[in-house]
Amino acid sequence: MSTLVYPSLPYSHRLPRQEGLLLTEKNFPKVRRLMATRMSAKCNHEILDSNIQKTEQLYLGIDFGTSGARYALIDKEGAVLSESKRAYPQLVVREIIDWGSSWKQTLFSLLEDVPIDLRSYIVSISIDGTSATTIIIDSKTGELLCRPFLYNESLPDALPFVSSIAPKNHTVCSGSSTLCKLVSWWNSYGSNKNSALLMHQADWLLWLLHGKLGVTDYNNALKVGYDLEADSYPNWLLSQPFSVLLPSVKAPGTPIGCLKEDIRFQFGFSKNCVVCTGTTDSIAAFLAARVTQPGKAVTSLGSTLAIKLLSTSSVEDSRYGVYSHRFDDKWLVGGASNTGGSALKQIFTDRQLELLSKEINPLVASSLDYYPLPSKGERFPVADPDMMPRLNPRPQSDAEYLHGLFESIARIEAKGYRLLKELGATEVEEVFTAGGGAKNEQWRKIRERLLGLPVRRALQTEASYGVALLALKGAGQKI
């Protein structure tokens with residue numbers, strides 16, 4: 001099967017170290033960073049000055065995470081020329097957030113944020129989205145047939161049926177899997193389903209750019225039941241009546257088609273700009289860290305906590321929310337917990353987190369024991385849709401409370417890596433950190449102490465950079 005591989009970089013951007021191809025600031029072209037503060041606090045736009053040659057080709061990656069989206073624009077050497085981020089607008093219809101409209105608005109806002117003088121040099125675009133965020137559309141009209149099912153949403157009504165058709169403890173045997181969401185919709189939607197089509201978040205956003213329905217990537221397809229080793233949907237899935245909704249599957253970073261003409265004219269992109277299949281946000285974060293050796297892992301500390309370990313063997317067990325992605329001739333083993341930044345930000349502001357962190361001694365253990373979740377339900381290291389947050393008792397000192405929360409999340413992370421080893425994955429040796437939590441030095445030291453391993457900040461911490469590398473990979477391929 002076609003596999004996910006790193007695009008090669010010029011020799012000057014390779015490091016003579018075991019971790020493989022990593023990009024470092026000292027290897028980047030010397031560019032000057034300029035911050036442009038927009039009137040809306042919801043947009044943070046960064047442009048890196050560079051002498052763009054007329055023959056230069058640029059690659060755009062857009063990350064759609066749990067709480068917002070960000071783009072990274074890179075050149076063929078991996079240097080970042082421009083970045084921007086946007087929070088999702090809260091568009092409410094009948095007291096329910098219209099996520100489809102919110103994501104669409106965010107996508108086109110980010111395209112507008114790309115500096116005008118760089119747009120014509122962009123030759124490829126790719127997008128990542130949250131894993132198992134599921135969209136059902138009418139293939140004739142492109143209209144959404146229901147609200148999107150979010151990444152952490154559990155549909156236990158479909159689980160008994162899914163468990164009866166899938167192999168024991170398969171990845172899809174979790175209420176939050178894409179397949180459970182598809183089955184739940186299929187059983188509840190009464191009208192004609194013949195024109196319905198399943199799309200993942202990244203697929204749908206990419207479709208808005210290229211206009212070709214029915215294409216996904218094998219990273220996103222994993223949780224609907226796609227067999228990565230056979231490179232096909234399994235017979236137990238194809239024999240079901242709802243299999244007609246399944247999209248075709250390609251490797252991440254495969255060109256799908258050229259940018260739609262109306263979008264090209266609206267934003268001033270090149271007529272040669274292609275749109276490539278995407279991936280999930282946690283895979284993109286792993287790509288950004290440029291880890292290539294078994295035993296190396298990436299923890300994404302964003303709104304949620306996701307771990308990805310490069311392993312020589314594949315493991316999966318739906319009881320614990322563990323699954324494996326194909327990664328060249330190896331496997332990316334891991335899972336995603338609902339703990340993380342969203343739970344913390346329900347208690348503290350960003351400014352409070354920054355100030356209180358400075359009061360924490362990360363070398364001293366906290367006696368507090370919590371399980372921070374933003375709401376009911378956990379996916380990994382145990383799949384329990386009924387698990388409730390445990391956030392008490394709260395001490396008088398906010399710094400002491402945050403210390404306990406940091407340690408509790410670190411214990412969940414450590415439990416996750418121990419579980420992967422117990423299930424047969426390569427033992428973790430070193431952890432790189434991506435996402436917003438990577439910036440917190442006290443938390444890094446706490447995690448290092450509890451993991452008993454070197455914990456480092458990834459040189460590139462944003463998933464948008466990883467998906468830009470996918471765009472770079474796809475630029476040299478034929479459609």
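**Close-up 1. Span and burial of helix H13 in the predicted model.** Helix H13 covers residues 463–475, a run of 13 residues. At 1.5 Å a residue, a span of 18 Å is expected for helix H13, and the end C-alpha atoms lie 19 Å apart, which agrees. The helix is mostly covered, with 12 of its 13 residues buried. Buried positions in H13 include Ala463, Ser464, Tyr465, Gly466, Val467 and Ala468. Leu469, Leu470, Ala471, Leu472, Lys473 and Gly474 are likewise buried.

**Close-up 2. Surroundings of Thr299 in strand E16.** Strand E16 comprises residues 296–301 and contains Thr299. Thr299 has a relative accessibility of 0% and therefore counts as buried. Its side chain and that of Glu413 are joined by a polar contact of 2.7 Å. Leaving aside neighbours within four places in sequence, Thr299 is in contact with Leu305, Ala306 and Ile307, among others. Glu413, Tyr417, Val431, Phe432, Thr433, Ala434 and Arg447 also belong to this contact set.

**Close-up 3. Glu112 of helix H1 and its contacts with Arg119 and Phe267.** Glu112 lies in helix H1, which runs over residues 99–113. The relative accessible area of Glu112 is 46%, so this residue is classed as partly exposed, between the limits of 20% and 50%. Not counting residues up to four places away in sequence, Glu112 touches Arg119 and Phe267. Glu112 and Phe267 are 155 residues apart along the chain, yet their C-alpha atoms are separated by 6.9 Å.

Technical notes:
Residues numbered from 1 in each chain as written. Predicted model: local features only at pLDDT ≥ 70, side-chain atom pairs only at ≥ 80, totals over all residues. Heavy atoms only, no water. Helix = DSSP H or I, 4+ residues; strand = E, 2+ residues; numbered from the N terminus. Expected span 1.5 Å × (residues − 1). Buried < 20%, exposed > 50% of the residue type's maximum accessible area, 1.4 Å probe, protein only. Polar contact = N/O pair within 3.5 Å; in protein donor to acceptor, adjacent residues only side chain to side chain. Contact = heavy atoms within 4.5 Å.
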